[in-house]
Amino acid sequence: MKISLKRINDNYLFETVNERGNIVLLDNKTDDEPKGSSPMDLILRGIAGCSSIDVVMILRKQNHELEDLRVEVDGYREDGAIPNVFKKIQLDFILKGDIPPAKVERAVKLSMDKYCSVSKMLEKAAEISYSITLNGEKVL
């Protein structure tokens with residue numbers, strides 16, 4: 001895995017490119033009008049994306065197809081701390097589909113406890129918790 005970064009303005013805007021040519025803009029949230037995500041935003045996006053890929057993959061292997069999947073992520077940092085790392089991360093999985101709740105709960109649990117590389121890495125520094133809502137009903 002390899003990423004290249006290039007500064008593209010005279011402030012904090014950077015362009016990052018992976019080996020496949022995918023571009024993600026990186027910026028400092030203190031800029032007046034940030035054009036990209038902050039590095040810490042990208043971490044939360046990473047855990048949401050990693051776990052979502054796992055959940056879809058696990059459910060597909062069980063012949064279950066989701067109609068919709070959203071993940072809301074809140075990251076909590078210690079005010080004034082340097083470095084200001086995440087101390088707690090809460091993920092709220094919101095799913096829709098004709099899937100037994102136990103299967104959805106198991107898929108999310110497998111992702112968070114075993115397969116999601118991002119959550120496994122972050123759990124060394126932050127408390128990670130999650131909730132699951134399926135078709136408007138709280139599962140966990």
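Okay, let's start at the interface: domain 1 and domain 2 bury about 370 Å² between them, and carbon and sulfur atoms give 63% of that. On the domain 1 side, L26, K29 and S37 supply 82% of the area buried against domain 2, more than any other three residues. Keep in mind that this is a predicted model.

So where do the domains sit? The assignment puts domain 1 at residues 1–37 and domain 2 at 39–138. Their C-alpha centres are 25 Å apart. As for who touches whom, five residues of domain 1 are in contact with five residues of domain 2.

Now, what holds hands across that boundary, in terms of polar groups? Salt bridges between domain 1 and domain 2 come to zero. For polar contacts, the rule finds one residue pair across the interface, with both residues at pLDDT 80 or more. And if you sort the domain 1 residues that touch domain 2 by type, you get two nonpolar, one polar and two charged.

Let me move over to the start of the chain, still inside domain 1, which covers 1–37. Strand 1, residues 3–7, runs antiparallel to strand 2, residues 14–18, and five bridges join the two. The connection from strand 1 to strand 2 is a hairpin, through six residues. If you want a spot to click on, take S4: the residue opposite S4 is V17, in strand 2. And a general reminder while you're looking there: in a regular strand, side chains alternate between the two faces of the sheet.

That's my tour; happy to pull up any of it on screen.

Technical notes:
Residues are numbered from 1 along each chain as its sequence is written. This is a predicted model: local features need pLDDT of at least 70, side-chain atom pairs count only at pLDDT 80 or more; totals for chains, interfaces and linings use all residues. Side-chain values use heavy atoms; hydrogens and water are left out. Domain bounds come from an automatic or database domain assignment. Contact means heavy atoms within 4.5 Å. Buried area is the accessible area (1.4 Å probe) that two parts lose on being put together, summed over both. A salt bridge is a side-chain nitrogen of Lys or Arg within 4 Å of a carboxyl oxygen of Asp or Glu. A polar contact is a pair of N or O atoms within 3.5 Å; within protein, one must be able to donate a hydrogen and the other to accept it, and residues adjacent in sequence count only if both atoms are side-chain atoms. Ala, Val, Leu, Ile, Met, Phe, Trp, Tyr, Cys and Pro count as nonpolar, Asp, Glu, Lys and Arg as charged, and the others, Gly among them, as polar. Two strands pair if DSSP finds at least two bridges between them. Helices (H or I, at least four residues) and strands (E, at least two) are DSSP runs, numbered from the N terminus.
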